[in-house]
Amino acid sequence: MTQVANRPYRSALYIPGSKERALEKAKGLACDAILFDLEDAVAPDEKVNARALLKETLAVGGYGNRARIVRVNGFDTEWGRDDVAAFVGMEIDGILLPKVESAAMVEDLAQAIPDVPLWAMMETPKGMLNAAEIAAHPRMAGFVMGTNDLAKELNTRFRADRLPMMGGLHMCLIAARAYGVICLDGVYNAFKDEEGLRFECEQGRDMGFDGKTLIHPAQLEVANAAFAPSEAEIDLAKRQIAAFEEAEAKGEGVAVVDGKIVENLHIVTARATLAKADAIKAME
């Protein structure tokens, strides 16, 4: 059951929960989602203070239409459960749990915080193998690929084409699409390498990811462009829909656009393209 997100997730920017200036700056950045990070981006001796700062900041608001997702520490740490408890009852768009490896871990999170969409960091071999049961949880809303941790766990070498981790990426994508879950690609570490970022964004887009997680505001423009429908794609979608509707009016089941057959399945994709374009426009 493939889901079309009711909001765009072209760009999801990690923001350290301990950095007051960064939290304020994020209110004006052109990102579709913010991953407020209490885990990797926060030093152990700053964890408690970061949690309090982030809670206070989110209570004030000011993030507009951006999705607000909080990445907590794992439940195997001394901070995880207190992190989750701090955001019970708050207006946020998701809680992101690191290193999710089973449906039982998702259920544990679900019991700790009601009425908030659940997100899973997919970054371990067990997570890849159990992606379907994780995605199937009724409150699971999104996957975030943790490609740095996954590469470490798989003992892969860096390749621009990411061939060594394609199996894991595809397993998560397939599970996400089967259960209507958003799926965000992992980060690109070289934030000054625009061409490398563009290649990886376009690769992720073509694979089927909904967007890219980012570590620096300088990466936003490239990601937003890559994961948005192009003018040519929007034009083609409109022409496909018009041609198919005309064919249907004549009692025909297929149409032809630009020398190619257009069937109902193409119209589903075309409508999804236009819906995504409209959702992006509404963010502006």
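Gln240 is buried in this predicted model, because its relative accessible area of 14% falls under the 20% limit for that class. The residue sits in helix H11, a segment that spans residues 231-249. Beyond its close sequence neighbours, up to four places away, Gln240 touches Val257, Val262, His266, Ile267 and Ala270. The C-alpha atom of Gln240 is also separated by 9.3 Å from that of Asp258, a residue 18 places away along the chain.

Asp258 offers a handy step to the next feature of this region. Its side chain meets that of Arg239 in a salt bridge, with 3.0 Å from N to O. Distant parts of the chain are linked by this pair, since Arg239 belongs to helix H11 while Asp258 lies in the loop between E9 and strand E10 (260-262), 19 residues apart. The two partners fall into separate accessibility classes: Arg239 is partly exposed at 33% relative accessible area, and Asp258 counts as exposed at 54%. A further salt bridge joins Glu246 and Lys250, whose closest N and O atoms are 3.5 Å apart. Here Glu246 is partly exposed, with a relative accessibility of 48%, whereas Lys250 is exposed at 56%.

The surface of this region also carries a nonpolar patch, formed by Val254, Val256 and Ile261. Together these residues present about 250 Å² of accessible area. Val254 is placed in the loop between helix H11 (231-249) and strand E9 (255-257), and its relative accessibility of 36% makes it partly exposed.

The wider layout of the chain puts these details in context. The protein chain is divided into domain 1, covering residues 11-227, and domain 2, covering residues 231-282. Taken over C-alpha atoms, the centres of domain 1 and domain 2 are separated by 33 Å. In an unreviewed entry, UniProt lists residues 10-217 under "domain: HpcH/HpaI aldolase/citrate lyase". Across residues 10-217, helix accounts for 39% of the chain and strand for 19%, and the C-alpha atoms at the two ends of this stretch lie 13 Å apart.

Attention now turns to annotated positions. The unreviewed UniProt entry gives Glu123 and Asp149 the annotation "binding site". These positions are spread over 27 residues of sequence, yet they cluster in space, with a largest C-alpha distance of 5.6 Å. Glu123 is found in the loop between strand E5 (118-122) and helix H5 (125-129), and it counts as buried, with a relative accessibility of 2%. Leaving aside neighbours within four places in sequence, the contacts of Glu123 are Pro98, Lys99, Met128, Gly146, Asp149, Leu150 and Glu153. Asp149, which shares the annotation, is thus one of the residues in contact with Glu123.

Another buried residue is Arg51, with 12% relative accessibility. Arg51 lies in helix H2, which runs over residues 47-60. Outside its neighbours within four places in sequence, Arg51 is in contact with Leu38, Trp79, Asp82, Asp83, Ala86 and Phe87.

Side chains of opposite charge can pair when their charged atoms come close. With a limit of 4 Å between a side-chain nitrogen of Lys or Arg and a carboxyl oxygen of Asp or Glu, the count comes to 24 salt bridges. Among them is the pair of Arg7 and Asp93, with 3.4 Å between the closest N and O atoms. Arg7 lies in the segment before strand E1 (11-16) and Asp93 in the loop between helix H3 (80-86) and strand E4 (94-97), so this salt bridge ties together parts that are 86 residues apart in sequence. Asp93 counts as buried, at 17% relative accessibility. Elsewhere, Asp37, Glu39, Asp40 and Arg71 are linked in a network of salt bridges.

Backbone geometry adds a last point of interest. Asp115 has a positive phi, near 60°, in a residue other than glycine. This residue lies in the loop between helix H4 (103-112) and E5 and is exposed, with a relative accessibility of 77%. Asn155, likewise not a glycine, has a positive phi of about 60°. Its place is the loop between helix H7 (147-154) and helix H8 (166-178), where Asn155 counts as exposed at 67% relative accessibility.

Methods
Residues are numbered from 1 along each chain as its sequence is written. This is a predicted model: local features need pLDDT of at least 70, side-chain atom pairs count only at pLDDT 80 or more; totals for chains, interfaces and linings use all residues. Side-chain values use heavy atoms; hydrogens and water are left out. Domain bounds come from an automatic or database domain assignment. Patches are made of residues with over 30% relative accessible area and no salt bridge: like charges are joined within 9 Å, nonpolar side chains (Val, Leu, Ile, Met, Phe, Trp, Tyr) within 5 Å. Accessible areas come from the Shrake-Rupley method with a 1.4 Å probe; for residues, only the protein chains shown count as cover. Helices (H or I, at least four residues) and strands (E, at least two) are DSSP runs, numbered from the N terminus. Buried means under 20% relative accessible area, exposed over 50%, partly exposed in between (1.4 Å probe, protein chains only). UniProt positions are given in the numbering used here, feature names are shortened, and annotations may be inferred rather than shown by experiment. Contact means heavy atoms within 4.5 Å.
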